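Take a look at the sequence and the fold below. We'll start at one residue pair and work outwards from there.

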Amino acid sequence: MVRPTRHEGTPGLFHMIDMITGRPVELLPDREAATLAAWLRQHPGVEVICRDRAGAYAEAARSGAPGALQVADRWHLWRNLGQAVEKTVTARRANLTIAHPARTTEEASTSQASTLPPVVQPVPEKKIIARFREQHAAVHELSGQGMSKAAIGRQLGLHPATVRKLAQAGTVDDLTAKTEQRAHLVDDYVEHLHRRWNEGERNATGLFREIATRGYQGGELAVQRYLRQFREGRGHAALPGPKPPTVREVTSWVMTHPDRLSTDEASRLRQIRDADAGLDRLTAHVRGWATMMTELRGQDLEKWIVVVEQDTLAPLASFARNLRRDQDAVQAGLTLPHSSGRVEGTVNKIKRLKRQMFGRANIDLLRTRVLHA
């Protein structure tokens with residue numbers, strides 16, 4: 001039983017692992033399917049090939065060892081599912097705020113509300129967001145005129161990858177979600193800063209020292225930048241409500257076994273599921289997959305794919321459709337005990353050997369050390 005692996009630390013290399021002994025058996029000089037297929041033909045008798053879902057692996061296995069059973073690695077399947085979940089949560093991130101509504105003005109005392117100046121005006125849009133908005137509009141306008149992506153890139157001075165990303169995004173919000181939801185060290189101390197600001201404390205250094213005693217680990221400059229929005233007569237700091245969870249946090253909660261969530265995490269996830277039926281279904285789909293994967297119930301795969309394909313959660317439905325391209329290997333991965341856990345240790349070993357040789361050794365020396373060290 002072998003496991004071919006693209007070694008990401010060394011572009012262009014394949015290494016083969018014996019999944020029973022855990023020892024490397026070969027280091028191939030390139031990632032071409034023909035090279036791997038030739039090696040398999042020269043080493044008949046391989047019965048099981050554990051692999052991720054890269055097309056080169058599937059093609060090489062079909063050509064070089066047509067009788068071998070191909071098994072998709074569960075770790076890679078779980079990782080691919082996680083990527084689909086994150087995209088789904090990102091597309092529905094507006095509902096995260098609905099599930100955690102901001103504090104209303106009525107929650108403040110009447111006396112305080114009557115003496116405070118107007119609430120601070122919105123902070124001007126970040127430059128990076130404004131730039132994304134302008135580029136997104138320009139790319140879609142030129143694309144509508146029939147220009148190719150290469151021509152658009154030349155006209156706007158953008159890298160081809162940037163043009164593709166802008167063209168594929170339906171709205172600019174799809175591009176800015178991660179930027180706008182990026183966590184900051186100040187976030188956990190916003191309520192204290194707002195309250196002290198409204199009490200008349202304007203000294204950023206003093207406020208920095210106050211939150212430092214409460215556990216703040218950042219620098220004073222970050223506090224100064226945050227408070228800048230309340231200066232220049234722009235009004236008082238509104239009392240903040242509960243901070244909505246980030247896309248990454250929600251993705252982590254959805255992908256975590258319910259028994260391993262803290263009481264607070266489980267409660268917040270329940271609020272989100274109650275507020276958004278789509279995220280509720282997403283969580284149910286993920287837990288169904290997790291049960292199928294951990295209990296090796298590959299016979300349920302087709303039913304799971306059909307249900308998800310019929311749902312309106314586009315990224316997850318796309319993940320399900322892509323499974324059909326490699327369904328036999330995926331079903332084997334969800335049925336048989338074979339896994340690629342041993343591979344990661346070998347990858348780290350190869351990286352260590354490369355560092356020891358300062359990247360100056362050729363493939364022959366690297367191969368010798370990998371196979372015999």
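**From one strand pair outwards**

Start with isoleucine 49, whose bridge partner in strand E5 is glutamine 70. Keep in mind that this is a predicted model. The two strands involved, E4 and E5 (residues 69–72), run parallel to each other and are held by 4 bridges. To get from E4 to E5 the chain passes through helix H2 (residues 55–64), and this β-α-β crossover is right-handed.

Now look at E4 itself, which covers residues 48–51. Is it covered on both faces, or open on one? Both faces turn out to be covered: Val48 and Cys50 are buried on one side, and Ile49 and Arg51 are buried on the other.

An arginine in that list deserves a second look. Arginine 51 has a relative accessible area of 1%, and since anything under 20% counts as buried, it falls on the buried side of the cut-off. What does its side chain pair with? Arginine 51 makes a salt bridge with aspartate 326, with the closest N and O atoms 2.8 Å apart. The arginine sits in strand E4, while aspartate 326 lies in the loop between helix H17 (314–323) and helix H18 (327–333), so this pair ties together parts of the chain that are 275 residues apart in sequence. Aspartate 326 counts as buried too, at 13% relative accessibility.

That same loop between H17 and H18 also holds arginine 324. The side chain of arginine 324 meets glutamate 309 in a salt bridge, at 3.1 Å from N to O. Glutamate 309 belongs to helix H16 (residues 301–309), and the two partners are 15 residues apart. How covered are these two? Arginine 324 is partly exposed, with a relative accessible area of 32%, and glutamate 309 is partly exposed as well, at 26%.

For a mixed case, try aspartate 280 and arginine 273. Their salt bridge brings the closest N and O atoms to 2.6 Å. Here aspartate 280 is partly exposed at 26% relative accessibility, whereas arginine 273 is buried at 12%.

Salt bridges can also join up into something bigger than a pair. In this chain, Arg195, Arg196, Glu199, Glu201 and Glu210 are linked in a network of them. A search of the whole structure finds 13 salt bridges.

Next, go back towards the start of the chain, to strand E2 (residues 14–18). With 4 of its 5 residues buried, E2 is largely enclosed by the rest of the structure. Which way does E2 run relative to strand E3 (residues 24–28), parallel or antiparallel? The two are antiparallel, joined by 4 bridges, and histidine 15 stands opposite leucine 27 in E3. Together E2 and E3 make a hairpin with 5 residues between them. In that turn, glycine 22 has a positive phi of about 80 degrees.

Finally, step back to the whole chain. It has 20 helices and 5 strands. Of its 373 residues, 40% are buried. Its accessible surface comes to about 20,700 Å², and 50% of that belongs to carbon and sulfur atoms. Among contacts between residues at least 6 apart in sequence, 61% join residues at least 24 apart. The salt bridge between arginine 51 and aspartate 326 is one to go back to on screen, as it links parts that are 275 residues apart in sequence.

Technical notes:
Residues are numbered from 1 along each chain as its sequence is written. This is a predicted model: local features need pLDDT of at least 70, side-chain atom pairs count only at pLDDT 80 or more; totals for chains, interfaces and linings use all residues. Side-chain values use heavy atoms; hydrogens and water are left out. Buried means under 20% relative accessible area, exposed over 50%, partly exposed in between (1.4 Å probe, protein chains only). Two strands pair if DSSP finds at least two bridges between them. A crossover is right-handed if, with the strands pointing away from the viewer, the path from the first strand over the helix to the second runs clockwise. A salt bridge is a side-chain nitrogen of Lys or Arg within 4 Å of a carboxyl oxygen of Asp or Glu. Contact means heavy atoms within 4.5 Å. Accessible areas come from the Shrake-Rupley method with a 1.4 Å probe; for residues, only the protein chains shown count as cover.
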